[in-house]
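Please keep the sequence and the three-dimensional view side by side while reading, and turn to each place as the text reaches it.

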Amino acid sequence: MTILHSIQPSKRIFSGIQPTGNLHLGNYLGAIKNWVNLQEEITSIFSIVDMHAITVPQDPKTLRASTHEVAAAIIAAGIDIQKSILFNQSSIKEHAELAWILNCVCRIGWLNRMTQFKEKAGKNKENATIGLYNYPVLMAADILLYRATHVPVGDDQKQHIELTRDIASSFNSMFTNDEEEDFFCLPEPQIIGPAKRVMSLRDGSKKMSKSDSSEASRINLTDTKEEISNKIKKAKTDPELIPETIENLKSRPEALNLINIYSSLSDQSVEKILEEFSGKGFSYFKPKLIELTIEKLGPISSKMRYLLKDTIEIDKILKTGAEKAREIAEPVLKDVKYLVGFI
Ligand code: TYM
């Protein structure tokens, strides 16, 4: 019987977000808004993943500023730092240590299937960093370091969570004896709500992304009322009326995207929104969406600006969060090291 130091909680939520550039409506609706609801159920752990951010070149000053901004955005959106743990990834060295061990579990073939690497590396794969290729293993380490059971993310991260499950399962069969329980549970992705994949406002076939060169493609959490209004006015739609059923939106990605955004922001089902707006055109719908977006994002951006006046306080919050995270991470890594045979 192996003596272990960590315990598997029946439920533990972990998720992460990169401190690169402005957070946008996709980050908010696909992830942070769900985190805020989930934290009511159970102590949850949220990390600003600065080690993931440097897998593509970053200006150090900008990275520091973005880390503060993302922390402020998460708190402004409603994460309660008394209930939840919020910290920046690089302050817990165990993430990197566990990632190395998991590198020796994960197979090259599994990483070669990752679509996000292919998208991000583009045509110039030879010039991408090893970190960018290896990114999903670090992500698996983030999750498994806390023996997390649930991972609330947007749809684009699903493949990475599936890889995490493969790594966890492989670790279990390599290092846990038959008569013992598996060390890692297989974490479940939680992809919740109508805004699982918020699309670009300019092209309904592309997801809303920080890296899109067009500012008009996304609504940032820091956008002013005028910016929000202009971007939604210019958002691509079609001349058809809003239909009665969601089936009739399937071939209209831009229209579907705006309806999903409205549904998520208003906490009402898509069916309810279609009931309200069917038979109307987008010239009627867009002003309503503008109003709702400003109503929901306005308080977040003003709280964010307020919090950013005191970055020393943000540093303190992250440090306290890191202390709490470390209490969970240290015994898990200790167990992993024992299981793989380190003395
Ligand atoms: P990142 O920083 O790209 O995005 C943070 C969260 O926002 C979600 N998201 C979206 N959701 C809906 N529509 C969109 N257009 C959209 N764009 C982004 C993402 O799905 C994510 O939930 N690899 C992760 C960060 C990470 C992580 C982790 C997540 C590192 N370690 C461990 C969970 C668990 C990423 O790059 O997210």
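Helices (H or I, at least four residues) and strands (E, at least two) are DSSP runs, numbered from the N terminus. What follows concerns a predicted model, and every value in it was computed from that model.

A starting point for the tour is serine 6, which is placed in the segment before β1 (13–17). Is serine 6 buried or exposed? With a relative accessibility of 10%, serine 6 counts as buried, because the limit for that class is under 20% relative accessible area. Once its neighbours within four places in sequence are set aside, serine 6 is in contact with Arg147, Phe183, Pro331, Val332 and Asp335. Two of these partners are also reached by polar contacts between side chains: the side chain of serine 6 makes one with the side chain of arginine 147, at 2.8 Å, and another with the side chain of aspartate 335, at 2.6 Å. Asparagine 88, by comparison, is 82 residues from serine 6 in sequence, and 22 Å separate the two in space, C-alpha to C-alpha.

Arginine 147, met above as a partner of serine 6, lies in the loop between α7 (130–144) and β4 (150–152). At 6% relative accessibility arginine 147 counts as buried, and its phi is positive, at about 50°, although arginine 147 is not a glycine. Most residues other than glycine have a negative phi. A positive phi, near 55°, is also found in aspartate 267, again a residue other than glycine. Aspartate 267 has its place in the loop between α10 (253–266) and α11 (270–277), and with a relative accessible area of 60% aspartate 267 is exposed.

Another buried position is glutamine 116, at 9% relative accessibility, which belongs to helix α6 (residues 115–121). Leaving out residues up to four places away in sequence, glutamine 116 touches Tyr135, Asp156, Gln157, Gln159, His160 and Lys207.

Turning to the cysteines, how many disulfides does a search of the whole structure find? The search finds zero disulfides. Cysteine 104 is in no disulfide, and the nearest cysteine sulfur, that of cysteine 106, is 10 Å away. Seen from the other side, the sulfur of cysteine 106 has its closest cysteine sulfur in cysteine 104, and the 10 Å between them is too far for a bond, because a disulfide requires sulfur atoms within 2.5 Å. In their accessibility, cysteine 104 is partly exposed, with a relative accessible area of 47%, whereas cysteine 106, at 11%, counts as buried.

On the scale of the whole chain, the protein is divided into domain 1 (12–196 + 311–340) and domain 2 (215–306). The centres of domain 1 and domain 2, taken over C-alpha atoms, are separated by 29 Å, and contacts between the domains involve 15 residues of domain 1 and 16 residues of domain 2.

The last stop is helix α12, which has 26 residues (residues 282–307). At 1.5 Å a residue, helix α12 should span 38 Å, and the 36 Å between its end C-alpha atoms agrees with that expectation. Where does α12 bend? The bend, of about 35°, is at leucine 297, and a proline, proline 299, follows within four residues.

Methods: Residues numbered from 1 in each chain as written. Predicted model: local features only at pLDDT ≥ 70, side-chain atom pairs only at ≥ 80, totals over all residues. Heavy atoms only, no water. Buried < 20%, exposed > 50% of the residue type's maximum accessible area, 1.4 Å probe, protein only. Contact = heavy atoms within 4.5 Å. Polar contact = N/O pair within 3.5 Å; in protein donor to acceptor, adjacent residues only side chain to side chain. Expected span 1.5 Å × (residues − 1). Bend = angle between axes of the 7 residues up to and from the residue. Domains from an automatic or database assignment.
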